[in-house]
Number of protein chains: 2
Amino acid sequence: MQKTLVNSIAFAIRHYRKAQNMSQEELANRSGLDRTYISGVERSVRNITLESLEQIITALRITPAVFFNLATRDNDNDVSNK
Amino acid sequence: MQKTLVNSIAFAIRHYRKAQNMSQEELANRSGLDRTYISGVERSVRNITLESLEQIITALRITPAVFFNLATRDNDNDVSNK
DNA sequence: TTGTGACTTCTAGTCCGTA
DNA sequence: GTACGGACTAGAAGTCACA
């Protein structure tokens with residue numbers, strides 16, 4: 001099954017957020033985006049723009065290079081993994 | 001001066017398009033987007049979404065990993081460089 | 001072959017709520 | 001703490017004529 005970019009980015013956001021024990025609400029506040037929107041992005045139901053994505057990456061305190069490196073690894077970032 | 005993600009992605013798209021001697025029109029046709037839209041994205045005046053970006057990356061016949069690897073290198077992808 | 005302004009349609013993103 | 005819904009506004013998608 002083909003993974004879309006939206007799926008990959010969603011996975012990476014959730015991964016780096018949880019790695020810092022950060023809540024969706026905290027990420028929302030830090031990035032200046034809405035909490036329900038962060039929720040939608042992580043569930044791959046939202047098609048985010050580059051500007052908003054950059055705000056999230058910055059809020060995660062990582063660089064775009066680090067972020068996309070994980071996001072575009074082609075090991076399947078499966079939702080079933082804890 | 002701070003480079004935005006929009007700038008980096010714009011640079012990478014133009015880079016890989018030109019590397020294949022592909023015109024904006026050809027890239028537009030291959031990606032299913034409008035030629036003037038591609039033009040806007042390459043000039044960083046459009047804030048593209050992930051779905052549109054994925055169409056472009058696919059049309060460039062490269063993987064997201066390869067694409068973002070170039071896009072997020074932090075050597076300044078300066079417009080003044082030929 | 002590409003840049004640009006102007007435009008309409010559609011969706012990104014917000015804000016309110018419920019479970 | 002998160003998912004999900006409805007209603008709304010800002011801004012992206014998508015196209016055209018012309019330089």
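A residue counts as near a DNA strand when one of its heavy atoms lies within 4 Å of that strand. The model examined here is a predicted one, and it is convenient to start with DNA strand C. By this criterion, 21 residues surround DNA strand C. The closest are Tyr37(A), Arg46(A), Thr49(A), Ser52(A) and Gln24(B), so that both chains appear in this list. Of the atoms of DNA strand C that come within 4 Å of the protein, 61% belong to sugar and phosphate.

Several elements contribute to this surface. Helix 3 of chain A supplies at least two of its residues, as do helix 1 (5–19), helix 2 (24–31) and helix 3 of chain B. Sorted by class, the surface near DNA strand C holds 10 polar, 8 charged and 3 nonpolar residues. Individual phosphate contacts come from each chain. On the chain A side, a polar side-chain atom of Asn47(A) is placed 3.2 Å from a phosphate oxygen of DNA strand C. From chain B, Arg14(B) brings a polar side-chain atom to 2.9 Å from a phosphate oxygen of this strand, and for Arg17(B) the corresponding distance is 2.9 Å.

Turning to DNA strand D, 18 residues surround it, and the closest are Arg14(A), Arg17(A), Gln24(A), Arg43(A) and Tyr37(B). Among the atoms of DNA strand D within 4 Å of the protein, sugar or phosphate accounts for 61%, and the rest belong to bases. Helix 1 (5–19) and helix 3 (35–42) of chain A, along with helix 3 (35–42) of chain B, each provide at least two residues of the surface near this strand. The largest share, 3 residues, comes from helix 3 of chain A. The class breakdown is 9 polar, 6 charged and 3 nonpolar residues.

Three side chains of chain A illustrate how the phosphates of DNA strand D are approached. An N or O atom in the side chain of Arg43(A) is 2.4 Å from a phosphate oxygen. For Arg17(A), a polar side-chain atom lies 2.8 Å from a phosphate oxygen, while the side chain of Ser39(A) has an N or O atom 3.1 Å from one.

One further residue deserves a look. Thr72(A) sits in the segment after helix 5 (64–71) of chain A. Its relative accessible area is 14%, and Thr72(A) is therefore classed as buried, the limit being under 20%. The side chain of Thr72(A) reaches the backbone oxygen of Phe68(A) at 2.6 Å. Leaving aside residues up to four places away in sequence, Thr72(A) touches Pro64(B), Ala65(B) and Phe68(B).

Terms used. Residues numbered from 1 in each chain as written. Chains lettered and ligands numbered in written order. Predicted model: local features only at pLDDT ≥ 70, side-chain atom pairs only at ≥ 80, totals over all residues. Heavy atoms only, no water. Polar contact = N/O pair within 3.5 Å; in protein donor to acceptor, adjacent residues only side chain to side chain. Helix = DSSP H or I, 4+ residues; strand = E, 2+ residues; numbered from the N terminus. Nonpolar A, V, L, I, M, F, W, Y, C, P; charged D, E, K, R; others polar. Buried < 20%, exposed > 50% of the residue type's maximum accessible area, 1.4 Å probe, protein only. Contact = heavy atoms within 4.5 Å.
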